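Let's take a friendly walk through this structure, with an eye on rings, charges and buried side chains. Have the sequence and the 3D view open as you read.

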Amino acid sequence: MFSGVSLDQAPPFEAPLIFFITAPLFAIIGAILLIIGAGGFGVLHSFTIGFLTLVMIGALQQMLPVVVGVRFKYPKALSYTLIVPLVIGVIAIVAALGFGHADSVSVAGILLLLSLWFFSLITIAKLLKAPRKSDSVIAMILSLLSLLFATILGVHLLISLILGNELNFLAAHGAFAAFGWVGLLIIGVSYQVIPMFYVTEELSPLFKQTLAPAIFGSIVFYTVTEDKLFFWIINVLFLSFALISLLRMKERQRKLKEPSVAFWQSALILLIAAAIYSFIDQDERYAVAFGYGFAATVVYGMLYKIIPFLVWFHLSSRGFLGIPTMKEMVNEDFIWLHLYIHLSAIFFLFTVPKLGAYITIVENLLFLWTMRDPIKLYFDYRDRPSPLDHLQGR
Ligand code: HEM
C-alpha cells in the first residue's frame, strides 16, 4: 500500500491523526443529541461536519502525496490551525441548529466558512499543480468545489434563519454537501484504493472520466432547476458506481477474508439501498442510508486500514523493524465485531432511531478502543532515537 512514497513526502502521522480521533467524538455527540431529542439539523451536522468532514480532511492530507504527488509544506501546523475553528464551528452549529441558540449562529457561520473555505482553496490549488490530472484528481477537485458551494449556501441558510427568511437553496446545500463533497471524494479515492488494496481490475476509463463530472453537473442542474429528476439522476449514477465497484470486488484477485473488504462491500450495498429508497422518499431515512450507511461505513473501513499502516510506515521508515506488523497491531476480531455493531446501528437508526443512537455510541467507543494500541505504539517509539541514526553517524 502507498508503494513508492518516502517518509519525507508523507505528512507526519499527527497531521491526519488529530482529525481521525476527533471525528468519532462528534459521532458520539450526534448520537447523544438524537437520544435527548435535540433538533434534527443539529444531529445531522454533528455527523456530517463533525464526523465525516473531519475524517475526510485528515484523509485528503494523507492522500495528496500518495495519489497526486503534491504535499502541504507545514502539514502539522495546518492541521492544528484548522482543527480549532472547525471543532468550535461544529459545536456552534450544533448549538444553533440543535438547541436554537441564536448567538451561536454567527460563530458557526464565520468559523466554518473560514476553515472550510481555507482548506478547500489551498487543496484545490495543490491539486491543480498535480503533475497528472487523473480521474481521482478531477473527482477530488469537484468534491472540494462542492464543499465551497455547500458552505456558502450553508452560511446563506444560517443568515436566513437569523433573519427569519424563507430557507431557499436548502436542497441545493444538501446536494452539494452530501453528493458533491462526501460522495465525489469517496468515488475519487475509491478509484485508487480499491484496485490497490484488493487487486481488482480498474473501472473502465470512460466510466471514470464521466462519472464525477456527470454527478457534479447533475447537482448544478438540480440547484438551478430544483427539478427532482436531477436528484434521481444523481442517485442512478451512484447506483451504477456501487454496482460496478461491487462486481470488481467480487472478481478481485486477492481473495483474502479481511474486514475492510466487508466494510467496502457493505457500504456499496447500502449505497444501492439508498439510491433505490430515493425513488420512495427523501426523508431522514434516506440521509441515514446515504450518510451513515454508505459514507460512514467507507470511513470506518478505510481508517482500520490506514491507521495501522501509517504507524507501521512511519516507524519502520525510521528503522524500527522489531515493531508488530499491521495485522498484529489490531485485534481483527474487534474490527469484525465493529462491522456487525455498525450494521445493526444503521438498521436501528432506520427503524428505532434512539436505539440506533445508543448502538452508535458503542461502536465509536469500540473504534477508539481498538485504535488505541497502534496509536500508543506510535507515540511510544516517536521520540526514541532512530536505529538508523548511528548508521548516519549521528
Ligand atoms: C459539510 C458537510 C455538510 C453536510 C453533508 C450538510 C448537509 C445538510 C443537509 C442534508 C441539510 C438538509 C437539506 C434539506 O433539508 O434538503 C442541511 C441543512 C442545513 N445546513 Fe448543512 N451540511 C453541511 C455543512 C453545512 C455547513 C458548513 C453549514 C453552515 C456554514 C450548514 C448549514 C446548514 C443549515 C443552516 C441548514 C438548514 C437547517 C434548518 O433548516 O434549520 N451545513 N445540511
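## Charges over rings

Lys305 places its charged end over the ring of Phe197, 5.3 Å from the ring's centre. A second arrangement of this kind involves Lys208, whose charged end sits over the ring of Tyr191 at 5.6 Å from its centre. Please keep in mind as you look at these side chains that the model is predicted.

## Aromatic pairs

How many aromatic pairs does a search of the whole structure find? The count comes to 29. One of them joins Phe238 and Phe290: the ring centres are 5.4 Å apart and the planes meet at 80 degrees, so this pair is edge-to-face. Phe238 belongs to helix 8 (residues 228-250) and Phe290 to helix 10 (residues 284-317), so the pair ties together parts that lie 52 residues apart in sequence. Both Phe238 and Phe290 are buried.

Another pair to look up is Tyr277 with Phe350. Here the centres are 5.7 Å apart and the planes stand at 70 degrees, which makes this pair edge-to-face as well. Distant parts of the chain are linked by this pair, since Tyr277 is in helix 9 (residues 259-277) and Phe350 is in helix 12 (residues 332-351), 73 residues apart. Are the two partners buried or partly exposed? Tyr277, at 13% relative accessibility, counts as buried, whereas Phe350, at 26%, counts as partly exposed.

## A cluster of rings

Phe238 and Phe290 also appear in a wider group. Ring pairs link them with Phe179, Tyr222, Phe231, Tyr286 and Phe294 into a cluster.

## Two buried residues

Where is Thr200 found? Thr200 is in the loop between helix 6 (170-198) and helix 7 (205-225). With a relative accessibility of 9%, Thr200 falls under the 20% cut-off and therefore counts as buried. Setting aside residues up to four places away in sequence, Thr200 touches Ile194, Pro195, Arg248, Met249 and Arg252.

His173, for its part, is found in helix 6. His173 has a relative accessible area of 16%, so this residue is buried too. Which residues is His173 in contact with, once neighbours within four places in sequence are left aside? They are His45, Ala150, Leu153, Gly154 and Leu157.

How values were computed. Residues numbered from 1 in each chain as written. Heavy atoms only, no water. Helix = DSSP H or I, 4+ residues; strand = E, 2+ residues; numbered from the N terminus. Buried < 20%, exposed > 50% of the residue type's maximum accessible area, 1.4 Å probe, protein only. Contact = heavy atoms within 4.5 Å. Phe/Tyr/Trp six-rings, centres within 6.5 Å; stacked < 30°, edge-to-face > 60°. Lys NZ or Arg CZ within 6 Å of the ring centre and 35° of its normal.
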